[in-house]
Structures are given as structure tokens and as C-alpha cells.
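Open the model in your viewer and keep the selection tool at hand. We will walk from stop to stop, and at each one you will hear what to select and what is there.

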Amino acid sequence: MKSVLKLEELLQFALGIYLFSTLSCTWWWFLVLILLPDIGMLGYLVNTKRGALTYNVFHHKGLAILFFLAGIYFEIEVMQLIGIILFSHAALDRIFGYGLKYADNFKNTYLGHL
């Protein structure tokens, strides 16, 4: 089952790359921005509860999709870009086993313990 889930995430990452290709941005922006959602880990400097909250906000695919769709609706390409980067980054993280976090410990994710 783990392999199937990783394949699903890989295909979602590929979808993110495709969607990025529809924007007017050059490719180096994707490489620069793909790790930016990890800024959500800074919440762990406060405590694990705050860290889990900020991490999960920056790694929630539903929020990423909302940003992307709002960008399409309002015709704001930077919102589409934010959605694509958040979505792609979350998929990439889940390929490597990093899921949304529980508040008790960084290594305690909905995908299991790291």
C-alpha cells in the first residue's frame, strides 16, 4: 500500500509540474520556490503545538487547491503559483514520508511515525 500511495503522490507532483508549465514563469522559479513551504517549520521554534499548526497550514493540499482556484477565478497568476508550489511541495514531502503533523511531536504524522 505504501508504494501505491507514493505513486499517487508522484503523479500529483507531476501534475504540479504540468500546472506550473502553464504559467508565464520561467522554470528556475519552480526550483527556487519548491522548498519555501518548509518555512512552516519555524513554528516549532515556539513549541510543538504551534509548529504542527504552522507546518500543516503550509502543507495542506486543500488550501493549496483553494489558492490555485482563486487565482484562476480572479485571474491572479501569483495566487495560482502559490497554490501550485504548496501542492507540489506537499506531494513531494509525502513521497518521502512526511505527512501532516500531530501536535505532540514533529515525527508523529498521519502517515505514521518517522
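Select F58 first: this residue is partly exposed, with a relative accessible area of 31% (buried means under 20% relative accessible area, exposed over 50%, and partly exposed in between, with a 1.4 Å probe and protein chains only). F58 sits in helix 3; helices here are DSSP runs of H or I with at least four residues, strands are runs of E with at least two, and both are numbered from the N terminus. Which residues is F58 in contact with, leaving aside its neighbours within four places in sequence? They are P37, I39, G40 and L86, where contact means heavy atoms within 4.5 Å. Now add L36 to the selection: its C-alpha atom and that of F58 are separated by 9.2 Å, and the two residues are 22 apart along the chain.

A word on what you are looking at: this is a predicted model, in which local features need pLDDT of at least 70 and side-chain atom pairs count only at pLDDT 80 or more, while totals for chains, interfaces and linings use all residues. Residues are numbered from 1 along each chain as its sequence is written, and side-chain values use heavy atoms, with hydrogens and water left out.

Next, show the whole of helix 3, residues 48–58. Its buried residues are G51, A52, Y55 and N56. Look down the helix axis: these buried residues fall within an arc of 120°, so they line one face of the helix (the arc is that of the directions from the helix axis to the C-beta atoms). On the other side of helix 3 you will find K49 and L53, which are exposed. Turn on helix 5 (77–95) as well, since what covers the buried residues of helix 3 includes it.

Stay with helix 5 and pick L81, which lies there. Is L81 buried or exposed? It is buried, with a relative accessible area of 12%. Not counting residues up to four places away in sequence, L81 touches F20, L23, C25 and L33. Draw a distance from L81 to A91: C-alpha to C-alpha they are 15 Å apart, and 10 residues apart in sequence.

A91 turns up again when you select Q12, which is in contact with K61, F87 and A91, leaving aside its neighbours within four places in sequence. Q12 belongs to helix 1 and counts as buried, at 19% relative accessibility.

Now go to the loop between helix 4 and helix 5 and select E75. Most residues other than glycine have a negative phi. E75 is not a glycine, yet it has a positive phi of about 55°. E75 is also exposed, with a relative accessible area of 71%.

For the last site, select K2, K6, R94, G97 and L111, which lie nearest the centre of the largest pocket among its 12 lining residues. Its volume is about 230 Å³. Helix 1 (2–21) and strand 2 (112–113) each supply at least two lining residues, and helix 1 gives the most, with 4. (On a 1 Å grid over the protein atoms alone, a pocket is an open set of points with protein on both sides within 12 Å along at least five of seven lines, and lining residues have an atom within 4 Å of a point; the volume is the space filled by probe spheres set on the points.)

Finally, colour by pLDDT, the predictor's confidence in each residue from 0 to 100. The chain has a mean of 94; among its elements, strand 2 has the lowest mean (71) and helix 4 (residues 61–74) the highest (98).

Notes
On a 1 Å grid over the protein atoms alone, a cavity is a set of points where a 1.4 Å probe fits but cannot get out, and a pocket is an open set with protein on both sides within 12 Å along at least five of seven lines; lining residues have an atom within 4 Å of a point.
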